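This report describes the fold, the core and the charged contacts of one protein chain. Please keep the sequence and the model in view while reading.

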Amino acid sequence: METIRNLLDELEDIIDRSQATPFSGKVKVDKQEIYEIIEAIKENLPNQFKQAQWVIEERNKILIDAQKEADEILKNAEERFERLVNEDEITKRAYEQATIISENSKTLAKEMRLGAVDYADEMLAFAEQRVKELMAVIKEETTKTEQFFEHTLNTIYENREELKGVKK
């Protein structure tokens, strides 16, 4: 996002240092240089969206891995429980441990899922904030451009009115 901001700053610098046309608010700029900066902006925009997509994919992978791990923990707990049930004296204790392990694995799986969701949400919030900042920059630049054209039109109108006064 910083790259895009730098490119927009570079556009402003080009306009600021460009040669002014006498008796107007217009400036001469290198068309090719402007097009190159616009192309660089276009190339950088998709990276932000690719990063957001990557975050979503990583979140899904984390959730799948967490579910697999939880399933494996549950499977191991069930197998251990069955072995312990066969022993009379240990049966009650094994049941309690199996219950604890099962609850712990469910809690762990839930915490892992929530952590993955929180991480994905943070990354998406970051991407959202960056897009909002870009929109604000573009809106600001659009406003400056509109003001420039309004000023230019007013100057042209005033010059025409002045010329009409000279004719009379």
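How many salt bridges does a search of the whole structure find? The search finds nine. The model is a predicted one, and the salt bridges are taken up again below, after the overall layout and the core.

**Overall layout**

The protein chain contains three helices and two strands. Read from the N terminus, the order of these elements is α-β-β-α-α. The helices are H1 at residues 2-17, H2 at residues 31-85 and H3 at residues 91-167. One of the strands, S2, covers residues 27-28.

The C-alpha trace spans about 120 × 30 × 15 Å along its principal axes. The radius of gyration of the protein chain is 32 Å, whereas a compact globule of 168 residues would have a value near 15 Å. Of the 168 residues, 18% are buried. The exposed area of the protein chain is about 13,100 Å², and carbon and sulfur atoms supply 54% of that area. Among contacts with a separation of 6 or more, 67% are between residues 24 or more positions apart.

One pair of residues gives a sense of distance within the model. Glutamate 122 lies in helix H3 and counts as exposed, at 54% relative accessibility. Its C-alpha is 41 Å from that of valine 29, and the two residues are 93 apart in sequence.

**The nonpolar core**

Nonpolar side chains tend to be buried together in soluble globular proteins. In this model the largest nonpolar core has eleven residues: Ile4, Leu7, Leu8, Leu11, Ile14, Ile34, Ile37, Ala40, Ile41, Leu134 and Val137. Helices H1, H2 and H3 are the elements that each give two or more residues to this core. The most come from H1, which gives five.

Isoleucine 4 is one of the core residues. With neighbours within four places in sequence set aside, isoleucine 4 has contacts with Ile41, Asn44, Leu45 and Leu134.

A buried position elsewhere in the model is serine 105, which is located in helix H3. Serine 105 counts as buried because its relative accessible area is 3%, against a limit of under 20%. Beyond neighbours within four places in sequence, serine 105 is in contact with Ala70, Ile73 and Leu74.

**Salt bridges**

Three of the salt-bridge pairs are set out here, each with its N to O distance.

| Pair | N to O distance |
|---|---|
| Arginine 5 and glutamate 133 | 3.6 Å |
| Arginine 17 and glutamate 33 | 3.4 Å |
| Glutamate 161 and lysine 164 | 3.6 Å |

The side chains of arginine 5 and glutamate 133 meet in a salt bridge. This pair links distant parts of the chain, with arginine 5 in helix H1 and glutamate 133 in helix H3, 128 residues apart. Arginine 5 is partly exposed at a relative accessible area of 30%, and glutamate 133 is also partly exposed, at 24%.

Glutamate 33 forms its salt bridge with arginine 17. Here too distant parts of the chain are linked: glutamate 33 belongs to helix H2 and arginine 17 to helix H1, with their positions 16 residues apart in sequence. Glutamate 33 counts as partly exposed, at 24% relative accessibility, while arginine 17 counts as exposed, at 57%.

The salt bridge of glutamate 161 and lysine 164 lies within one helix. The two residues are three apart in helix H3, so about one helical turn separates them. Both count as partly exposed: glutamate 161 has 34% relative accessibility and lysine 164 has 40%.

Salt bridges also link Glu12, Glu140, Glu141 and Lys144 in a network.

**A nonpolar surface patch**

Which residues make a nonpolar surface patch of about 210 Å²? The patch is made by Ile15, Val27 and Val29. Of these, valine 27 is placed in strand S2. Valine 27 counts as partly exposed because its relative accessibility is 33%, which falls between the limits of 20% and 50%.

Conventions: Residues are numbered from 1 along each chain as its sequence is written. This is a predicted model: local features need pLDDT of at least 70, side-chain atom pairs count only at pLDDT 80 or more; totals for chains, interfaces and linings use all residues. Side-chain values use heavy atoms; hydrogens and water are left out. A nonpolar core is a set of buried Ala, Val, Leu, Ile, Met, Phe, Trp, Tyr and Cys residues joined through side-chain atoms within 4.5 Å. Buried means under 20% relative accessible area, exposed over 50%, partly exposed in between (1.4 Å probe, protein chains only). Helices (H or I, at least four residues) and strands (E, at least two) are DSSP runs, numbered from the N terminus. Contact means heavy atoms within 4.5 Å. A salt bridge is a side-chain nitrogen of Lys or Arg within 4 Å of a carboxyl oxygen of Asp or Glu. Patches are made of residues with over 30% relative accessible area and no salt bridge: like charges are joined within 9 Å, nonpolar side chains (Val, Leu, Ile, Met, Phe, Trp, Tyr) within 5 Å. Accessible areas come from the Shrake-Rupley method with a 1.4 Å probe; for residues, only the protein chains shown count as cover. The radius of gyration is taken over C-alpha atoms; the globule rule is 2.2 Å times the number of residues to the power 0.38.
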